[in-house]
Amino acid sequence: MTTHGGFEPVFCTVVPPHVLDRLARNDDPALSGPARRTLVRDSELRARRRVTTEFSLAAAPAVKAPSDQPLRTIYDAGHGTELPGTEVRAEGRDPGQDATVNRAYSGLGATFDLFLKAYRRHSIDGDGLPLDATVHYDEGYNNAFWNGEQMVFGDGDGEIFVDFTNSIDVIGHELTHGVTQYTANLTYYGQPGALNESMSDVFGALIKQYSLGQTAAEADWLIGAGILAPDVTGTALRSMKAPGTAYDDDVLGKDPQPATMDDYVRTGRDNGGVHINSGIPNHAFYLAATALGGYAWEKAGLIWYDVLTGGELSPKAFFTDFAGLTVKAARERFGDGGDEFQAVEKAWEQVGVRIL
Amino acid sequence: MRIQVRRTGGFAGIERHAEVDTSGRADAPEWHALAERVLSAGRGAPPAGVPDGFSYEITVDGRAVYAADPRLTEDQRRLVSRVLKEGA
């Protein structure tokens, strides 16, 4: 009998998965063996739920990611709509046969990396929130969304869209909705909604650039470049560089995004045009980032992040409120009259957003 | 019976609209039963959706009900996907 023999039955009910995960990598096989077996058990999901419930009842912290690593779980909805579905890959497990699962897993990792390394943010909530994603949602489902707790990805119908995990910026986009929810919590309607969408596009694009090591000049500034089906006439779903030019297709129609306030679209549809007017703050970010050069997450991205998380941005903020705060943040972060402050101010001027 | 579905929002923000007129269709009774269940369980105002989630407006002979992903009932999901697939 080993000294650690008594651990095994305990793992099933009370040991949090991140502890199990660490144990599973322990050099001592007496520790790692039982932990590994527990991690692969089918009951792991149920165990985690029980653990989470018990912890929250006890007013202790819920399951959290370790200090510098993500805690990812990928689920498979099996083309149904039940969430989260069946667990198919837990943190630290090797890639399997399903490329969609593997892309979701690495996309979550890339998102976690950018927020941690560029902004010292520990996961979506800044407090080690586990990252969950469900793939293969519904049949031929042409969408991906954030449901307030996790990401959900459809496979696309193959005619208009293909697998929504194909673009890393789409994965980053969905997770950034989580960051926004935990920070400025911008209302998902009208201008605050378009700002919410723009935050997701901005950080989605930065996650892609960070993972590819691209400068602002090298980046394509496209959102969803990998998810359009081959027959669709277009390059992506949105272009931050040239809003309104991403696609022009007989089935899909034409990219409706404006680049400046002159073409602002007033509509009640799409939650008041959140995916349409986001083109304006998207383009402002592109202009500021390319004017400053280098890696976009280091300067423009940091300024935008400061505003999103700084506590001054109202949930009902309009473009002009947001613009004013970015100029202020650029001053505070990089000094008065510096390149950063001027580039940000000029970017908003170019898209026609007045700074009050 | 005229059944219309308008789907808005979604990651792409692209709107889709389709309509089925059940008159003369062999499967009309099935459509009517499904549509009536959706109407009676439906909401008269758009519910709060989730970021990038689809929103649906389902109109049956001029009467509209609303729904949003991911919280659709089985009947709503079936009706919406049938109309968008088979409708014009």
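These are my notebook entries on a sheet in chain B and on the contact between chains A and B, looked up in a predicted model.

**Entry 1, the sheet.** I began with the strand order in chain B and found an open sheet of four strands, arranged 2-1-3-4 with antiparallel pairing. I then asked myself why one side of strand 2 and of strand 4 of chain B is left without a neighbour in the sheet. Strand 2 (16–21) and strand 4 (63–68) stand at the edges and have a single partner strand each, so one side of each stays unpaired in the sheet. For the twist I noted an average of 15 degrees from one strand to the next.

**Entry 2, strands 3 and 4 of chain B.** Next I followed strand 3, residues 54–60, which pairs with strand 4 of chain B in the antiparallel sense over six bridges. Among the bridge partners I looked up B:Ile58, which is matched with B:Val65 in strand 4, and B:Glu57, whose partner in strand 4 is B:Tyr66. The two strands form a hairpin with two residues between them, and in the turn I noted that B:Asp61 has a positive phi of about 45 degrees.

**Entry 3, the contact between the chains.** I turned to the contact and recorded 22 residues from chain A and 16 residues from chain B. On the side of chain A that touches chain B, the elements giving two or more residues are strand 4 (144–146), helix 6 (168–182) and helix 8 (269–277) of chain A. Which element gives the most to that side? I found that helix 8 of chain A does, with five residues. Sorted by class, this side of chain A holds 10 nonpolar, nine polar and three charged residues.

How values were computed:
Residues numbered from 1 in each chain as written. Chains lettered and ligands numbered in written order. Predicted model: local features only at pLDDT ≥ 70, side-chain atom pairs only at ≥ 80, totals over all residues. Pairing = 2+ DSSP bridges. Axes fitted to C-alpha atoms, helices over the stretch in contact; angles between N-to-C directions. Contact = placed C-beta atoms within 7 Å. Nonpolar A, V, L, I, M, F, W, Y, C, P; charged D, E, K, R; others polar.
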